[in-house]
Amino acid sequence: MHLPSDLTDRIRYGSPFLSVLLDREAAFLDRLPGFEVDALTVVTADSDIPLAQRLRIERRRIALLVALGDLSGAYDLRRVTRTLSDFADSALHRAIVAAIEERTPGAEPVGFAAIGLGKQGSHELNYSSDIDPILLYDPAILPRRERDDPVEAAVRIGKRVVELLQARDGDGYVLRVDLRLRPSPEATPIALPIDAAVSYYESSALPWERAAFIRARAVAGDAVLGNRFLDAIRPFVWRRALDYGAIGEIRDITRRIRDHYAQGQAFGPGYDLKRGRGGIREAEFFAQVHQLVHGGRDPALRAPATLDALSALAAGGRISGYEAQVMVGGYTLFRTIEHRLQMVDDRQTHGLPDQIDALDRVARLHGMDDGQVLLDLMAPHVTAVGAVYDRLDGASTPGLPVDPHTLADRLETLGFASGEQVARRIADWRSGAYPALRSPAARAALEDSLPGLIAGLATASDSHAALLRLDAMLARLPSAINLFRLLEAQPALARLLSTILCHAPTLAEALARRATLLDGLIDARALEPVGSVAELAAEMSARQEGYERLLDHVRDVVNEKRFMLGVQVVAGTGDPLAVADGYARVAEAAVQVLAAATVDEFAQRHGRVPGSELIVLALGRLGGGALTHASDLDLVYCFTGDFSAESDGTKPLGAVLYYNRLAQRLTAALSVQTASGPLYEVDTRLRPSGAQGPLVVSLAGFERYQREDAWTWEHMALARARPIMGSPDGRAAAAAIIARVLAGDRPDRDIVAEAVAMRADMARHKPPAGPLDAKLSPGGLVDLEFAVHVTQLLSGQGLSPRLGEAIDALVAIGRLPAGLHDAHDFLTRLIVTMRLVAPDAQVPPETTQPILAAALGCSDWPALLVRLDAARQVVHQTWQEIVNGTGDR
């Protein structure tokens with residue numbers, strides 16, 4: 001391969017190491033067709049020579065090939081680091097195989113693995129880089145001599161691997177090996193048994209080790225063993241609960257590095273590209289801290305390589321496009337110049353030369369005129385990277401005073417009505433009054449977050465009420481450290497929390513049970529509508545690792561989605577109508593996922609009934625696609641096929657018994673509280689014959705009951721029925737039955753008289769809970785539903801289960817007044833919001849009334865009351881016309 005004279009001139013001037021290689025490997029260069037080659041193949045040395053010598057020759061050639069590709073512009077940074085890393089993986093693997101073969105000839109190279117950390121793990125090795133593997137072995141399968149102890153055998157293999165790679169001779173060396181990243185290197189052997197290593201990382205690992213394992217990879221040896229280890233410690237690295245303590249931990253590491261390498265912090269000659277302020281390490285840590293915080297919940301962010309991680313974080317909205325641009329640009333330039341430094345003498349150095357002539361040589365090697373031009377190129381990148389990284393600390397907020405009188409004065413200045421009372425509460429927290437606050441770490445986290453948290457609470461309309469709810473929440477928490485770290489890092493979240501605590505007791509109660517619900521609010525997408533039923537079902541199914549774990553995971557997802565939907569209403573970012581639809585989609589997805597899993601789990605023992613399946617019908621608010629935060633699920637279970645059939649499992653059951661037991665399991669899956677909390681209350685009383693009938697009936701039996709025996713109230717309930725689980729054919733069959741019955745294929749009854757009697761009975765036994773009971777008050781949603789369903793049954797028209805759509809269809813044909821749709825929307829918004837801010841249906845506190853008014857699209861509280869009265873009048877008049885026989889029958 002012919003090299004341009006400009007390239008060779010730069011090398012001869014700037015790199016003694018590469019100059020030697022140009023001469024020594026001239027024959028190798030003559031054989032190269034160009035740079036677009038398989039690097040590991042073209043550098044292969046003669047297989048007849050000993051492995052150690054062969055590896056050293058290959059390393060020399062790979063160093064020359066990569067340098068020439070880099071300096072010529074043929075290889076970008078990704079290709080440079082990937083090629084170097086691929087060679088390191090190959091060399092390490094061959095050394096392990098050889099070490100095992102030397103001690104146990106003919107044995108399979110199993111039971112011994114190398115986990116690559118740092119830049120090898122992420123395919124980002126430097127031009128002249130150490131490798132930092134952790135060596136693991138499995139005593140049960142490690143090849144060893146008959147009298148060898150497993151520990152001794154593993155250590156001997158490890159020492160031989162290091163010797164093969166690190167020993168120098170006239171051909172150079174292969175790789176420098178640093179084994180000090182293993183647990184307690186001063187006290188542990190160089191190779192660790194896998195179980196002991198897993199136990200350490202699960203129980204005793206340090207914060208920096210979590211960051212190190214972001215880039216961990218099974219790089220050599222027994223890949224099955226290596227990946228087994230990585231799978232076992234994955235929960236240690238990727239925690240589902242957001243860990244904002246990671247920011248402080250990583251920043252503390254940075255401060256120690258800056259202090260230790262103080263001489264290389266200032267930019268200019270002598271600047272440390274790796275450890276200096278605004279350098280490589282800060283770009284890497286910036287990516288890693290965001291990965292540690294968010295990667296447990298978003299696997300797309302777990303990219304090991306820094307450039308890939310920054311891109312993923314920007315794509316996921318975790319960092320801004322500007323931040324990604326700054327970090328990518330700086331990191332790419334710094335790593336490239338770092339390689340120039342290391343090409344000079346094949347030394348693992350990261351500092352710009354102090355001497356001007358040496359700096360000029362590096363600049364010339366890079367293709368620039370002199371060192372000052374190189375510094376001018378780098379300076380703005382160093383400044384920008386340092387500034388972006390420093391923002392991880394956030395704005396500095398003064399701490400709160402400890403003296404109770406001074407604290408009380410400060411609190412009243414912030415806006416609390418009674419600073420003395422609040423000060424006493426804070427003093428209780430500081431003294432460890434609750435279990436979650438008794439550890440020194442918890443109290444330190446409390447102190448760090450208190451200024452921002454208290455400032456956020458002080459902006460609430462009723463700051464003292466917010467504080468009391470926070471107090472109740474802390475009293476029930478098992479641990480508060482991560483909560484405080486989260487609030488310290490996100491001041492806006494502290495303000496949102498104060499709104500929740502002050503105005504939304506339903507959400508505050510949910511937080512008291514599970515503070516990690518706040519984690520989801522970090523994502524800006526939390527205040528957007530939830531996905532489709534299919535998207536939600538996919539998310540709920542994503543972590544299916546056994547039936548019991550699935551139950552917990554579905555509860556985690558459902559509770560998080562319900563909480564975020566409620567926050568949308570309180571924060572004023574979501575229309576309560578859209579939120580009601582979102583609640584219903586979440587519930588429908590949960591039913592589908594748990595039904596499918598329960599069917600599969602049940603079939604493992606009892607098989608399946610041939611030609612038959614379970615159908616789940618949703619009625620009530622779920623059927624109508626408009627749940628509230630606290631809605632239960634009205635479900636009816638049916639099955640298709642022959643009721644006399646039998647399942648085909650090892651413990652067969654008749655179809656009726658089979659589906660009744662299956663439905664009991666599904667009801668439990670939907671309603672039983674697990675370690676992850678409750679899910680839904682399930683009401684199956686709308687099934688044929690109600691609570692007196694079997695839990696499940698055949699679809700044919702369901703049809704027969706609806707056509708021959710059902711009462712008017714049951715047909716009214718059927719008006720909001722829709723199949724939500726089953727095959728397309730099964731759902732279609734159920735929907736067809738519902739449509740035929742509602743269209744008139746049912747007993748001839750006095751619909752109006754029976755409906756009026758039933759509504760009167762409801763009024764006697766279930767009076768309104770309070771003056772703002774949107775459901776049971778006269779002119780409320782129950783009256784509206786009765787009016788709509790009676791009209792549907794009388795006319796056979798407008799048979800959509802969704803009330804809004806049904807009203808529109810009936811208004812269009814003149815069967816209902818035009819104002820009923822607006823009344824429906826207003827009352828639905830009211831009940832959705834009231835379930836969050838005043839679940840007792842009483843008038844909310846004056847400070848909460850603006851939130852309720854805004855959610856209902858009203859300018860203020862008096863305007864809300866005017867619209868409520870108007871909506872109730874429309875509904876009441878519509879229902880009374882039906883009751884009095886003046887409505888269109």
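What volume does the largest cavity have? In this predicted model the largest cavity has a volume of about 120 Å³, a cavity being a set of points on a 1 Å grid over the protein atoms alone where a 1.4 Å probe fits but cannot get out, and a volume being the space filled by probe spheres set on the points, which are joined across faces, edges and corners. The model is predicted, and while local features need pLDDT of at least 70 and side-chain atom pairs count only at pLDDT 80 or more, totals for chains, interfaces and linings use all residues. Residues are numbered from 1 along each chain as its sequence is written, and side-chain values use heavy atoms, with hydrogens and water left out.

A search of the whole structure finds two cavities of 30 Å³ or more, whose linings consist of residues with an atom within 4 Å of a point.

| Cavity | Volume | Nonpolar lining residues | Polar | Charged |
|---|---|---|---|---|
| Largest | about 120 Å³ | nine | three | two |
| Second largest | about 60 Å³ | eight | one | one |

Here Ala, Val, Leu, Ile, Met, Phe, Trp, Tyr, Cys and Pro count as nonpolar, Asp, Glu, Lys and Arg as charged, and the others, Gly among them, as polar.

Of the 14 residues lining the largest cavity, Arg59, Leu84, Asn126, Tyr127 and Leu175 lie nearest its centre, and the largest share of this lining, three residues, comes from α6, where helices are DSSP runs (H or I) of at least four residues, numbered from the N terminus. In the second largest cavity, the lining includes Trp713 and Glu714, and α31 gives the largest share, four residues.

Methods
On a 1 Å grid over the protein atoms alone, a cavity is a set of points where a 1.4 Å probe fits but cannot get out, and a pocket is an open set with protein on both sides within 12 Å along at least five of seven lines; lining residues have an atom within 4 Å of a point. Helices (H or I, at least four residues) and strands (E, at least two) are DSSP runs, numbered from the N terminus.
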